[in-house]
Structures are given as structure tokens and as C-alpha cells.
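These are my notebook entries on a single chain. I looked up its fold, its helices and a few individual residues in turn.

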Amino acid sequence: ISNEEMDAGHSERRTINEESDEYINCQCLRLIENDMSVILCIGETELEYEKDLAGAVCEVQLKKGLAGISNEEMDAGHSERRTINEESDEYINCQCLRLIENDMSVILCIGETELEYEKDLAGAVCEVQLKKGLAGISNEEMD
């Protein structure tokens, strides 16, 4: 398979399969070597969140997961993660800022839920997600 998109480091697999950051980095490198796009999933467990360790955990996962990989595009705010993991716009903005601090390009994903779509709220929802997701990011950083 070539030119496909694969994810590495999905939070459930990290926990259930006890996948280490080093193992995930090897997955990323292997996928890139095979000309595949990689979506590196980072995120804390519920316990890490409760202990207010989310930022530190995600930063370590990001650095270790991308070791040896430079100038890649990353996404933040994937719609399923927003809903299933209840990731707030503020949390996603923090992810964007961290990626930029690490000299990475960011793909900010925005989008409405099915219910919001049915209520004709797509435009308003996306506008809020975009504004909050880009808070504190300069025009130069968006180029």
C-alpha cells in the first residue's frame, strides 16, 4: 500500500497494547519510508488527565514519537477526538501551539457534529473552533 494515511500511537492502543513511545516512533519511520502519511496520535490517559499531567505527557509523546522526523505536517482537533475524547477548543489550541513551538506545520481540523449539522449550526461551530484553535498564533506562524 502506498500514499495511504495511517495513524500511529492511538491512545487506546498505547494503553491496551502497552505501545511505547519508541515503538510508535519506529512505526512512524517505517510508514514514512514507505511513502505513507502518518497521523501521530498523542494523548493522556484518564488518570494522567486527573493528575493534571496532560501537557507533560503529550509533550513527551510528541518529542519521542517524532524523533528523527523533521518538517512534517501534523493535525490537531480531529472531529472524532473532539467528540469521543471531549477535547476542548482550548486543549486543541494548546496542541497547535506546542506543534508550532517544535517547528512543525499544523493542520487544524474543524467540523460540526451530526446534530449540529442537522440544526444548521455548522458555520457557527466551525467559526468558533477556528477562532479558539488559532488563538495566540501569529499570521507569520500561519504561513
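**Entry 1. Cysteines**

Is Cys94 buried, partly exposed or exposed? I find Cys94 partly exposed, at a relative accessible area of 30%. I note at the outset that the model is predicted. I then looked up Cys126, which is buried, with a relative accessible area of 19%. That value falls under the 20% limit for a buried residue. I also searched for disulfides, counting pairs of cysteine sulfur atoms within 2.5 Å; the count is zero.

**Entry 2. The chain as a whole**

I recorded nine helices and four strands. Read from the N terminus, the order of elements is β-α-α-β-α-α-β-α-α-β-α-α-α. The chain has 143 residues, and buried residues make up 34% of them. I also looked at contacts with a separation of 6 or more: 65% of these join residues 24 or more positions apart. The exposed area of the chain is about 9300 Å², and carbon and sulfur atoms supply 50% of that area.

**Entry 3. Helix H2**

Helix H2 covers residues 21–33, which is 13 residues. From first C-alpha to last, H2 reaches 18 Å, close to the 18 Å expected at 1.5 Å a residue. I list its buried residues as Asp21, Ile24, Asn25, Gln27, Cys28 and Leu31. Viewed down the axis of H2, these buried residues fall within an arc of 155°, so they line one face of the helix. As a reminder to myself, an α-helix has 3.6 residues a turn, so residues three or four places apart point the same way. After H2 comes Asp35, with a positive phi near 55°.

**Entry 4. Helix H4 and Gly65**

H4 has 12 residues and a reach of 16 Å between its first and last C-alpha, close to the 16 Å expected at 1.5 Å a residue. Which residues of H4 are buried? I find Ala54, Val57, Cys58, Gln61, Leu62 and Gly65. They cover an arc of only 130° around the axis, which puts them on the same side of H4.

I followed up Gly65, which lies in H4 and is buried at a relative accessible area of 0%. What is Gly65 in contact with, leaving aside its neighbours within four places in sequence? I find Asp21, Asn25, Cys28, Leu40 and Val60. Of these, Asp21, Asn25 and Cys28 are also among the buried residues of H2. I add that the C-alpha atoms of Gly65 and Ile24 are separated by 5.9 Å, although the two residues are 41 apart along the chain.

**Entry 5. The nonpolar core**

The largest nonpolar core has 18 residues, and Leu40 and Leu62 have the most contacts inside it. H2, strand E2 (37–40), helix H4 (54–65) and H6 are the elements that give two or more residues to this core. H6 gives the most, with five residues. As a general remark, nonpolar side chains in soluble globular proteins tend to be buried together. Leaving aside sequence neighbours within four places, I find Leu62 in contact with Leu40, Ile42, Arg98, Leu99, Asn102 and Met104.

**Entry 6. Asn93**

I located Asn93 in helix H6 (residues 89–101). Asn93 is buried, with a relative accessible area of 11%. Beyond its neighbours within four places in sequence, Asn93 is in contact with Lys132, Gly133, Leu134, Ala135 and Ile137.

**Entry 7. Helix H8 and Asp120**

One of the contacts of Asn93 is Gly133, so I turned to H8, where Gly133 is among the buried residues. Helix H8 (residues 122–133) has 12 residues and reaches 16 Å, close to the 16 Å expected at 1.5 Å a residue. Its buried residues are Val125, Cys126, Gln129 and Gly133. Seen down the axis of H8, they fall within an arc of 95°, so they line one face of the helix. The face turned away from this buried side carries the exposed residues Gly123 and Lys131.

Lastly I looked up Asp120, in the loop between helix H7 (114–118) and H8. Is Asp120 buried or exposed? At 70% relative accessibility, Asp120 counts as exposed. Its phi is positive, near 60°. Most residues other than glycine have a negative phi.

Methods: Residues numbered from 1 in each chain as written. Predicted model: local features only at pLDDT ≥ 70, side-chain atom pairs only at ≥ 80, totals over all residues. Heavy atoms only, no water. Expected span 1.5 Å × (residues − 1). Buried < 20%, exposed > 50% of the residue type's maximum accessible area, 1.4 Å probe, protein only. Arc of directions from axis to C-beta. Contact = heavy atoms within 4.5 Å. Areas by Shrake-Rupley, 256 points an atom, 1.4 Å probe, with all protein chains shown as cover. Core = buried A, V, L, I, M, F, W, Y, C linked by side-chain atoms within 4.5 Å.
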